[in-house]
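Reader: Could you take me on a close look at one part of this model, the place where the two chains meet? I'd be glad of a little on the strands as well.

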Amino acid sequence: MTQKFRLENVGLINRDKKLSFKFNGKTYYGYEGDTLASALIANGVHLVGRSFKYHRPRGFFGAGVDEPYAIVQLYRNNETEPNIKATEQELFEGLEAKSVNCWPSVNFDIGAINNFLKIFLPAGFYYKTFMWPKSFWYRVYEPFIRKAAGLGVASTKHDKERYEHKYEYCDLLIAGSGPSGLASAYAAAKNGARVILAEDKPRFGGSLLTSDVNIGNQSGEDWANGIISELKEMPNVVVKNRSQVFGYYDHNMLVMSEKVSDHLPKTKKHHPKQRLWYIRAKEVLISSGSIERPLVFGNNDTPGVMLSSAAKEYLKVYGVLVGKNPLVFTNNDSGYETAIEFKKNGINPIILDSRINPQSEIIDEAINLGIKIKFSYVVVAAQGYKKVSSADIAKISNDKKQLGEIENIKCDCICVSGFWTPTIHLASQSGNKTKFKEEIDAFVPGTSKQNETTLGAANGIFTLGETLKSSFTAGQDLSKKITNKDNKISFPNVVEKISSQHDKFWCVPLPKGKNYKRFLDFQNDVAVSDIEIALKEGYRSIEHVKRYTTLGMATDQGKTSNLNGLQLVSDIENKVVPAVGHTTFRPPYTPISIGAIVGREVGKHSKPTRKSPMHSWHEKNNAVFVDAGVWLRPRYYKQGNENLFEASKREAKNVRTNVGVCDVTTLGKIDIKGPDAAELLNRVYTNAWLKLPVGKARYGVMLREDGIVMDDGTTTRISENHYHMTTTTAQAANVLSHLEYYLQLVWPELNVNVVSTTEQWAGAAIAGPKSRKLLEKLFPNNDVSNEGLPFMGYMESELFGVKARIFRISFSGELAYEVNVESDNGQFMWEKIIELGKEFQVQPYGTEALSTLRIEMGHVAGSELDGRTISYDTSLEGLISKKKDFIGKRSLNREAFTSSDRQKIVGVVPLDKKTSIPEGSHLVKDAQAPLPNKKLGHISASCWSVEYDNPFSLAILKDGKNMIGEKLFVMSPLKNKVIPVEIVSSHYVDPKGERVRS
Amino acid sequence: MLHIKCPHCGMRSQNEFSYGGDASVKRPELNKEISDEEWDNFVYNRKSLRGKHLELWQHLFGCRQWIKVERDTATHEIFNTYKADEEIS
Ligand SMILES: [Zn+2]
């Protein structure tokens, strides 16, 4: 197939490399260096999609990031990506793309019926229509709207591409490589500053690639290429294309998305698809240029109506004609530049200029070239459905209110220019309060908020000479401040044509009797009439008008629509634009892929995985692991076909009858040293600590200042001024910060140091009636008898030559010990325990059996210490010292904390001794009571008691103290269960605690 | 992301720190008789100031020191940072 709209010998594409691609199933050809848009236009394809609301045909409007229409579903390397702008996507061999927003196809679209019903789809339509009946929303409205109106479809497959994050620091970050970006980067680089120059397009140079200028006796493009090659050679400069600086955050942190591989058929091995750069810059130069503004007239959304600058870019960069019979409609000189390029390539354009009698070098050149120009003329409406076929034009009165007689002229495209809008997004994001500049009818940055400077067209400077001069100076001055160098560079001679004043005219009045839609927002289908309705209905704030009409709220964020919308509101309201104000710009400037934002932090990389030194043993012995915070812990060790329930029961039972061993490495451990260590503990824990002898452990509970229990654990006095604190696995980090807070800020006079030693020690809990016998084998040289190592005793020893700490503490409620060795010896310790424990039927047990053991003993854990309970609630009030003050004590006399029917921990047993009780269920008095049924408490933890072989749960119950023996109901609406239960003591097994002391 | 100068380590990104609230709050002395109101003010009542604010941050993934940061809560401008025990003029 021939590329009928491709010119010969024009453009920057590589004609030696022909590429085939598919659009909506049909094969086309383009060249390396094309975008999908330029290649489609070269093939005469202008219908690429449907609009969001009315499903009107959509073509191409721009040639870059501002594109509101040409959004496609892209297929690349067996993956698909939605909402890709055809104007940004570079062509590669085998590229496939499809239209979005079309159902069932781009040529026949069911949603287009909305277009004929548009009278029913005015501003706020969705708010008004789909409100009632409520039940219709999910079943009728939403499915319909989704099917008929959605944009692209996200892939449901796992994205196998790699995305990277990079952190970078620099002296100057320069966003945009047009004339101002190049000049400032060059000047700063010559002064030795560390410079990052970012360009969102594949080619550097910005407007220099399309404008007819001369810099230092070179064309703009040649000058740009020269500067870029020189910058690339400099070690202090990073030059990046395909890189969009999209967000300006606090303290000069900017984020840039680099599309490393999107332009290739397939990402190269070891390369990322995209890279997100977090850049902390000392100075930021914003050289993001400007975007041409549309002119507003009837059916101005018809395919073939596009920005004149885009038409020029397609011609000069890609060698592509957007039409062979073009009409240029302009209110300023920019339209002439486009017309001149057409003319130079053998095409005869017609220019309609809304101005009465403008004069400038460019206009003279157009006249000399023989281009037909009609002054005081406007396009009233575009005609044609899927492509412009003609235009209704008319003379307009000097006051721009009256139209003359309508004439129809044939054309195949309408190139519009309504002057230029500086791209001020980054400056605005930085907090810069922008100001309205009357001469250009647009906002420009005001006083800098952070270290940002806006240059060139982005700052409302539209002449090349002035842009280059101010940008050289800015680059030089800002870098001098940082590097203290002052290398003067010579300023090149600039030749450009000077423009005449633009016309303050942007919206063509409707001719009598015609009701054309005149669009402001091309992606969200917001027309002039929608804004008029919103204002009539009383909306005033531009932020409200925006949300009500959805103006500027599409994926292009109103890059082409914002200012025209503001102009309209200010005209109707009879206010000036700055009084109306503009809506806030927020990052990202353009959509960023979720993959880039997430980076490498997916799957197992989303958080660190911590493993105990015994992990490989657990793996070899069929452990099934569970996430415990960032730790992986064995939940149970599977034997044969056992399930979780069977295995945990077996393991727990073995602890009660023989001996078990559990990996408790994950417990938080804090080493506390210093002469005031005991005093610190005394202030942190609720019980007394000053008299704990060396070689003894004590259980302690710590509170927050509001009286709520924060954590519990045992702390052991290793020597006179040395303590070993343990915390729960979950609270380890918080407890350390808590201690540091009090030591550094509240009681700096205490001479104590704290440090986390969680990773330094591997821990094994040896529990069960035969644990002492096993200990005797492990430590044959020590006296581990009840007298030699009593309950809560501590000794230091050697485990076959390895330094070990032995604590006689118990979480399971059995006679039990905890042995700690240095982490590197953890596996050795574990294997010794298993080896020597064989004769006592030792078995490893996991967290599930551990839970069972502690629940039936009534020992509290995280599910009871849930940040809502006080000591009394968990029956830890016996540990509250009356004699001393401690953190949180003053809160304990709060009225609710001392009420006589305060909640308390109890045990719960089902009356049938069979039905398992779901955790989280509620306890109620009467299962039949009308809703809302009064909740008396909740089930905090459930297990199958191995001691009694029936279900047992712990609950936090109102007035729990007086509820023992009561019959209540457990209700679980989630599991649809109602279970009659009896309330019993939370100490279900060994209530007197004899086993631990045996 | 804020850029905070740890008085011990130098300029670091915000993600190395954790926020610790109003630095002007003083914990009542231990064992001292105080009214419910005084205690409530210490535990619960905080002014949500707009503007200059002295606050606590901990350099959690760094030197682990609690530091004081003088920051504008509206603009995020950081005027100064201090060590925990530093006199603030
Ligand atoms: Zn630090």
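**Strands and the chain contact**

Author: Happily, and let me start with a strand pair: F23(A) sits opposite K26(A), a residue of β2(A). Please keep in mind that this is a predicted model. The two strands involved are β1 (residues 14–23) and β2 (residues 26–32) of chain A, antiparallel to each other and joined by 7 bridges. Together β1(A) and β2(A) make a hairpin, with 2 residues between them. In that turn, N24(A) has a positive phi of about 50°.

β1(A) has another partner too: β7 (residues 95–99) of chain A, with which it pairs in the parallel sense over 3 bridges. Here F21(A) is the residue that stands opposite L95(A) of β7(A). As background, strands of a sheet pair through backbone hydrogen bonds, in either a parallel or an antiparallel way.

Now to the meeting of the chains, which is the part you asked about. On the chain B side 26 residues are in contact, and they touch 28 residues of chain A. The two chains bury about 2,300 Å² between them, and 51% of this lies on carbon and sulfur atoms. M1(B), R27(B) and L30(B) supply 27% of the area that chain B buries against chain A, more than any other three residues.

There are charged and polar links here as well. Between chain B and chain A, 3 salt bridges are found. One of them brings together the side chains of D36(B) and R890(A), at 2.7 Å from N to O. Polar contacts join 18 residue pairs across the two chains, counting pairs with both residues at pLDDT 80 or more.

Which elements of chain B supply at least two residues each to the side that touches chain A? They are α1 (36–43), β4 (52–58) and β5 (66–72) of chain B. The largest share comes from α1(B), with 4 residues. Sorted by class, the side of chain B that touches chain A holds 13 nonpolar, 8 polar and 5 charged residues.

Finally, back in chain A, there is an open sheet of 6 strands to look at, in the order β41-β42-β43-β40-β34-β44, with mixed pairing. Its edge strands are β41 (794–799) and β44 (843–844), each of which pairs on one side only. β41(A) runs antiparallel to β42 (residues 802–807) of chain A, and 6 bridges join the two. Within this pair, E798(A) has K803(A) in β42(A) as its bridge partner.

Methods:
Residues are numbered from 1 along each chain as its sequence is written. Chains are lettered from A and ligands numbered from 1 in the order in which they are written. This is a predicted model: local features need pLDDT of at least 70, side-chain atom pairs count only at pLDDT 80 or more; totals for chains, interfaces and linings use all residues. Side-chain values use heavy atoms; hydrogens and water are left out. Contact means heavy atoms within 4.5 Å. Buried area is the accessible area (1.4 Å probe) that two parts lose on being put together, summed over both. A salt bridge is a side-chain nitrogen of Lys or Arg within 4 Å of a carboxyl oxygen of Asp or Glu. A polar contact is a pair of N or O atoms within 3.5 Å; within protein, one must be able to donate a hydrogen and the other to accept it, and residues adjacent in sequence count only if both atoms are side-chain atoms. Ala, Val, Leu, Ile, Met, Phe, Trp, Tyr, Cys and Pro count as nonpolar, Asp, Glu, Lys and Arg as charged, and the others, Gly among them, as polar. Two strands pair if DSSP finds at least two bridges between them.
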